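Have the sequence and the model open side by side for this one. We'll go through a helix, then a sheet, then a bit of empty space.

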Amino acid sequence: MAASAKQLKLDQSRELESRARKFIPGVTQTISKRPAAFAPGYFPEYIDHASGSHIWDVDGNEYIDYVMACGPVTLGYCFPAVDQAIREQLAKGIIFTRLTSLEGQVAEMLSEAVPCAEMTRFFKGGVEANSAAVRLARAFTGRETVVSCGYRGWHDQWAVTHTPRGIPACLGDLIREFRYNDLASLEAALNASPDQVAAVIIDPVSGERPKEGFLAGVKELAHRHGALLIFDEIVTGFRLAVGGAQEYYGVVPDLAVFAKGIANGMPLAAVTGRREIMNVATEVFITLTYGDEALSLAAARATLKVLCTQDVPGHIWSVGEALVDGVSQAIEQTGVPFAFTGVEAMPAFVATHEFQSRLLDEETQQKAWVYLLGELARRGVIWRKHSLLVPCYSHSDKDITNTVAACREVFTNLSHLLGSGKLQEEIQLAELPVGFKRV
Ligand SMILES: Cc1ncc(COP(=O)(O)O)c(C=O)c1O
């Protein structure tokens, strides 16, 4: 695929979207996948199929994908060993009246791979596992307050701090937040609820790189205040290292939550950690019909086998570094209002709101995003707005070379449009796109 632009045919996407809009509020279930989260009118909405690091939309256009379904597809789409495991399990059955040995096998594999993992409980989604981890921490410590940094998911107790509509306000009394890389803000949150904090929960890396000693400092402060440390490794797990950020940075939490990447896209999540805390799960009420659903567990077993025998994180870091280096050079050469933050295995691509030393207004920055996403799509690249990009094991050097070439071309054109003030005419929007800001 060369970096030359083509006219994108998006007729099928548009037709499907207008039909779905009548029957599904918001068009789809995941806020980060809604049309408004990308570049409505300039971007493909519906995917037909995928393979490795590439996806094909319903209009037949092919793209290199850097969003990878919001993170879970760490090995690549249709990864043969995982798909074969799913097919073999499908022939045997999806879920049963009594137990499947897969549960124990995957829990054992996690114990070998993840430093804190002595025992494990399985769930279907990340938010569910985060909520379960906190219930265990509350039961174990006999305390109720939780101190959190970062995004945890849509459940009441987490969303109350950022999107409170529809949530009982009293839940806000049980959660305090602190800022990433700011131990003083954690200490203040802990001091505000003396002897009441059950757990400090944090995604060890998100849109920022941890400062030297930050994660160890979080652990020390949590323990000094009698709270457990929970790592939300939903994104970092199986990506920074097989054993997640806790292995990569050498800071082992009491409990950890994994989801994306554990089964290469099949719906599986896990709470894992110290035996005496995990054993509390036999005394508190945590139960679900689909926790032992076998297709996802078979996918997890196959995924973990690949992770333990091939250097998946090594590849992810190396393609991530090549991507960040190449695209950063193009940003520097053209001055476009974007930057990378975070770490190369999951770099965040964010707006800087600044072009040629002047501050861009919100509308211009939004139009710059729409232009960028639409023009990259025309050159065969699926990019994301103000959020994490997630290179996978299937991204190749050729993918990166083509992507950097596409970025260079699009940034050069965008820089001219911003400089001449012509971006306003170039991008016509009925309304400014809004979306879910992940980082
Ligand atoms: C760090 C983190 N925690 C929790 C969640 C919620 O996971 P889920 O959407 O599977 O409920 C996400 C999802 O993006 C996440 O990135």
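**A helix, a sheet and a cavity**

Let's start with helix α4, which covers residues 126–141 of this predicted model. Its 16 residues reach 23 Å from the first C-alpha to the last, close to the 22 Å expected at 1.5 Å a residue. Which residues of α4 are buried? The buried residues are G126, V127, A129, N130, S131, A132, A133, V134, L136 and A137. Right after the helix, look for G142: it follows α4 and has a positive phi, near 70°.

Now for the sheet. This one is open, with four strands in the order β1-β2-β3-β15 and mixed pairing. β1 (47–51) and β15 (381–382) stand at the edges with a single partner strand each, so one side of each has no neighbour in the sheet. As a reminder, strands of a sheet pair through backbone hydrogen bonds, either parallel or antiparallel.

Walk across it strand by strand. β1 pairs with β2 (residues 54–57) in the antiparallel sense, over four bridges. If you want a spot to zoom in on, take S51, whose bridge partner in β2 is H54. On the next step, β2 and β3 also run antiparallel, joined by three bridges. Here H54 turns up again, standing opposite I64 in β3. β2 and β3 form a hairpin with four residues between the strands, and G60 in that hairpin takes a positive phi near 90°.

How do β3 and β15 run, parallel or antiparallel? They run parallel, and two bridges join them. For a landmark on this pair, find D65, which stands opposite I382 in β15.

Something also packs on this sheet: helix α13, residues 397–420. α13 touches β2, β3 (62–65) and β15, and its direction makes about 100° with that of β3.

Last stop, the empty space. Rolling a probe the size of a water molecule over the atoms shows where empty space is left. How many cavities of 30 Å³ or more are there? The count comes to one, and the largest cavity holds about 40 Å³ of space. To find the largest cavity on your screen, pick out the residues that line it: S148, G150, Y151, R152, W158, T161, H162, I175 and E177.

Notes:
Residues numbered from 1 in each chain as written. Predicted model: local features only at pLDDT ≥ 70, side-chain atom pairs only at ≥ 80, totals over all residues. Heavy atoms only, no water. Pairing = 2+ DSSP bridges. Contact = heavy atoms within 4.5 Å. Axes fitted to C-alpha atoms, helices over the stretch in contact; angles between N-to-C directions. Expected span 1.5 Å × (residues − 1). Buried < 20%, exposed > 50% of the residue type's maximum accessible area, 1.4 Å probe, protein only. 1 Å grid on protein atoms, 1.4 Å probe; cavity = no way out; pocket = protein on both sides within 12 Å on 5 of 7 lines; lining within 4 Å. Points joined across faces, edges and corners; volume = space filled by probe spheres on them.
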